[in-house]
Amino acid sequence: MSLLTINKLTESVGAEVSGLDAAGLAADDSVGSVILDALEANGVLVFRGLRLDPEAQVGFCRRLGGVDHSADGHHPVAGIYPITLDPAKNSSAAYLKATFDWHIDGCTPLGNEYPQKATVLSAVQVAEWGGETEFANSYAAYEALTAAEKEHYGSLRVVHSLEASQRRVTPDPSPEQLARWQSRPTHEHPLVWTHRSGRKSLVLGASADYVVGMDLAEGRALLADLLERATAPDRVYSHVWSVGDTVIWDNRGVLHRAAPYDPASRREMLRTTVLGDEPIR
Ligand code: OGA
Ligand code: MN
């Protein structure tokens, strides 16, 4: 691979990749393993002005693993899911309000699918104000715990639900909305994820509802405190989008959220997700 450079954007998360254009991404057979290694090391990779077209984006993702087709049908290109608050562009746009809270994708799947390995977003239209995508490293969040906390939290389990993440943005659901949320199974995950690599990360975010066996309020206060520490401003990379940017994140090792933007904004991102092959355990 020619002249690819990777420059860290913050101390704990994010790096900018340069020296690779859309054609290079498509042509170079070694690109998949190089990108996966860089992703593991940096959590988030930024390609400014890549101007990847939707088919090329899906092709790129195929080099990283299986492409998730479970949300197909919202965009003419299979594998592409539009992220927008405009229901004319995505009939399930209402659910995307939950992207304004810190989260890990895929903690409350329909079945027992593993969380996605990686997610790619490309900017088609950017918000007039706000709409940055923010990232925090959940490996670093674990590492920053004290030895006593690591010991104690290593045995805790947390119930995640779609209802928990939706309630944060829609606190007064209609009975129909609530029934729809509750029809999705809840999932119990360890608070500390021991990855196949041996690294450990915290599993936190909007879907985390309560700590098993702990007083409800106490457990929620613990989850909120851990999330606050994990996402303190000096631990966050905030990507300010320009049209044509592509960003990819390690969904297993970072938390992410969208910064607020005008709900009437035409902001539109095209998303492709790479299927996970590792359970949270
Ligand atoms: C997502 C997501 C954030 C954003 O696509 O999973 O959380 O900034 N997007 O749109
Ligand atoms: Mn997300």
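**Around ligand 1 and the manganese ion**

In this predicted model, a polar side-chain atom of Arg 267 sits 2.8 Å from an oxygen atom of ligand 1. The protein hides 99% of the 290 Å² of accessible area that ligand 1 has on its own (Shrake-Rupley method, 1.4 Å probe). Thr 133 also brings a polar side-chain atom to 2.6 Å from an oxygen of ligand 1, and for Asp 105 a side-chain N or O atom is 3.1 Å from a ligand oxygen. A polar contact here is a pair of N or O atoms within 3.5 Å.

The shell around ligand 1 splits into four nonpolar, four polar and three charged residues. Among the residues around the ligand (a heavy atom within 4 Å) are Ile 83, Leu 121 and Trp 249.

Then there's the manganese ion, ligand 2. Its protein donors (N, O or S atoms within 2.8 Å of the metal) are His 103 (NE2), Asp 105 (OD) and His 256 (NE2), at 2.1 to 2.2 Å. His 103 belongs to the loop between strand S4 (81-83) and strand S5 (118-125), while His 256 is in strand S14 (residues 254-258), 153 residues apart. Strands are DSSP runs of E, at least two residues, numbered from the N terminus.

Residues are numbered from 1 along each chain as its sequence is written, with chains lettered from A and ligands numbered from 1 in written order. Local features need pLDDT of at least 70, side-chain atom pairs count only at pLDDT 80 or more, totals for chains, interfaces and linings use all residues, and side-chain values use heavy atoms, without hydrogens and water.

Notes. A polar contact is a pair of N or O atoms within 3.5 Å; within protein, one must be able to donate a hydrogen and the other to accept it, and residues adjacent in sequence count only if both atoms are side-chain atoms. Ala, Val, Leu, Ile, Met, Phe, Trp, Tyr, Cys and Pro count as nonpolar, Asp, Glu, Lys and Arg as charged, and the others, Gly among them, as polar. Donors are N, O and S atoms within 2.8 Å of the metal (3.2 Å for Na, K and Ca); water is not among the atoms, so sites may look incomplete. Helices (H or I, at least four residues) and strands (E, at least two) are DSSP runs, numbered from the N terminus.
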